[in-house]
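The following exercises are to be worked with the sequence and the coordinates at hand. Each task is followed by a solution in steps.

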Amino acid sequence: METILSIRNLSKTFYLHEQEKEIHSCKNINFDLEKGGFIGIVGKSGAGKSTVLRCIYRTYLASSGTAIYNSLAYGPIDLLSADERQIISLRKAEIGNVSQFLKTLPRTTAKQHVVNAALEAGFSSKESHIRAEEMLNYFRLNSTLWDIYPTTFSGGEKLRLNLAHAMVKRPRLLLLDEPTASLDPDTKLLVRDLLLKLKNEGTSMLGIFHDLEFMDGLCNEVFNISKGSFT
Ligand SMILES: Nc1ncnc2c1ncn2[C@@H]1O[C@H](COP(=O)(O)OP(=O)(O)OP(=O)(O)O)[C@@H](O)[C@H]1O
Ligand SMILES: [Mg+2]
């Protein structure tokens, strides 16, 4: 088996200077993600789950540790210390992220947001439009919404747009932070089916879920995090 992501001693501490406090958001996290594997992370609210994902995606700068990702573009690279330029290029082409929050550019319609992701990943203009429409249809985002700015979307619509945006790239590594939190049971099943399909196509995934049933049959391994550490 080929390891695609190897995390060693990942820790993140926040210093709240005004309160003279240290918050250990995650401590000494270690795991290996195999190619085509799916690792689930569970744990109580505030345990440090999102912090682990954010350090890997580099939304947060980790305090210590390494996250060696076996990239197509650069070979093995430490995501915790790689330079900005490399991280930006990996995010465009190889590493997808679905968070609970939608980040779009101003004056970009829902469809254009997904088309842009496909273009960034290197698909042609025509192919990007086809793939974007496929994804929007798959997640049942009504076509009347395609030409609208997503700021007015409902929580579930935003989440489905986020999923379409991340998955249209067919990323090699996909990070999922509660991607089903505000979805109805039918839409949850759609997400699960697509995750299984991506997994079978070789996408490696790291996901946070509250719904244990959802993870059943999807994850190869599940880690429980408590007070920042895997238990
Ligand atoms: N930017 C930040 N500044 C200060 N503290 C932070 C920051 N981000 C996270 N934390 C703290 O780190 C701890 C872990 O937060 P994290 O978001 O990783 O938890 P979580 O397990 O994802 O929780 P939830 O299930 O509620 O999403 C929390 O105590 C949180 O307050
Ligand atoms: Mg979280």
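**Exercise 1. The ligand shell**

β2 (21-34) and α1 each supply at least two residues of the shell around ligand 1. The model is a predicted one. Task: list the residues around ligand 1, determine how they divide by class, and state which element gives the most to the shell.

Solution.
- Step 1. The residues around ligand 1 are F14, I23, S25, G43, S45, G46, A47, G48, K49, S50 and T51.
- Step 2. Sorted by class, this shell has 7 polar, 3 nonpolar and 1 charged residues.
- Step 3. With 3 residues, α1 gives the most to the shell around ligand 1.
- Step 4. Two members of the shell, F14 and I23, can also be placed in a strand pair: F14 stands opposite I23 in β2.

**Exercise 2. The antiparallel sheet**

Task: give the strand order of the open sheet of 4 strands and identify its edge strands.

Solution.
- Step 1. The order is β2-β1-β4-β5, and the pairing is antiparallel.
- Step 2. β2 and β5 (75-78) are the edge strands, each pairing on one side only.
- Step 3. From one strand to the next, the twist averages 20 degrees.
- Step 4. Strand β1 (residues 3-16) runs antiparallel to β2 and is joined to β2 by 10 bridges.

**Exercise 3. The mixed sheet and its helices**

Task: establish the order of the open sheet of 6 strands, explain why one side of β6 and of β10 is left without a neighbour in the sheet, and describe how α1 and α5 pack on the sheet.

Solution.
- Step 1. The strands follow the order β6-β7-β8-β3-β9-β10, with mixed pairing.
- Step 2. β6 (95-98) and β10 (229-230) stand at the edges and have a single partner strand each, so one side of each lacks a neighbour in the sheet.
- Step 3. Helix α1 (residues 49-57) packs on this sheet and touches β3, β6, β7 (173-177), β8 (204-208) and β9. The direction of α1 makes about 150 degrees with that of β7.
- Step 4. Helix α5 (residues 155-167) also packs on the sheet, touching β6 and β7. Its direction makes about 175 degrees with that of β6.
- Step 5. Strand β3 (residues 38-42) and strand β9 (residues 221-226) run parallel and are joined by 4 bridges. Within this pair, G40 stands opposite V222 in β9, and I41 stands opposite F223 in β9.
- Step 6. β9 and β10, by contrast, run antiparallel, joined by 2 bridges; here I225 stands opposite F230 in β10.
- Step 7. β9 and β10 form a hairpin with 2 residues between them, and K227 in the turn has a positive phi of about 50 degrees.

**Exercise 4. Burial of α1**

Task: determine how many residues of α1 are buried, and state what phi R58 takes just after the helix.

Solution.
- Step 1. Of the 9 residues of α1, 9 are buried, and the helix is mostly covered.
- Step 2. These buried residues are K49, S50, T51, V52, L53, R54, C55, I56 and Y57.
- Step 3. R58, just after α1, takes a positive phi of about 70 degrees.

**Exercise 5. The contact of α5 with α6**

Task: classify the arrangement of α5 and helix α6 (residues 185-200) from the angle between their axes, and describe the contact.

Solution.
- Step 1. The two axes come within 12 Å and cross at roughly 10 degrees.
- Step 2. Angles under 35 degrees count as roughly parallel, and α5 is therefore roughly parallel to α6.
- Step 3. On α5 the contact is made by G156, R160, L163 and M167; on α6 it is made by T187, V191, L194 and L198.
- Step 4. The residues of this contact divide into 5 nonpolar, 2 polar and 1 charged.

**Exercise 6. Two leucines**

Task: decide whether L90 and L218 are buried, partly exposed or exposed, and list their contacts beyond four places in sequence.

Solution.
- Step 1. L90 lies in helix α2 (residues 84-93). L90 has 23 other C-beta atoms within 10 Å and is therefore buried, the cut-off being 20 or more.
- Step 2. Beyond its neighbours within four places in sequence, L90 is in contact with S71, A73 and I95. L90 and S71 are 19 residues apart in sequence, yet 8.0 Å apart in space, C-alpha to C-alpha.
- Step 3. L218 lies in the loop between α7 (212-215) and β9. Because L218 has 16 C-beta neighbours inside 10 Å, L218 counts as partly exposed.
- Step 4. With neighbours within four places in sequence left aside, L218 is in contact with F38, R192, L195 and L196.

Methods:
Residues numbered from 1 in each chain as written. Chains lettered and ligands numbered in written order. Predicted model: local features only at pLDDT ≥ 70, side-chain atom pairs only at ≥ 80, totals over all residues. Pairing = 2+ DSSP bridges. Contact = placed C-beta atoms within 7 Å. Axes fitted to C-alpha atoms, helices over the stretch in contact; angles between N-to-C directions. Near = placed C-beta within 6 Å. Nonpolar A, V, L, I, M, F, W, Y, C, P; charged D, E, K, R; others polar. Parallel < 35°, antiparallel > 145°, perpendicular 65-115°, else oblique. Buried ≥ 20, exposed ≤ 12 C-beta atoms within 10 Å, placed from the backbone.
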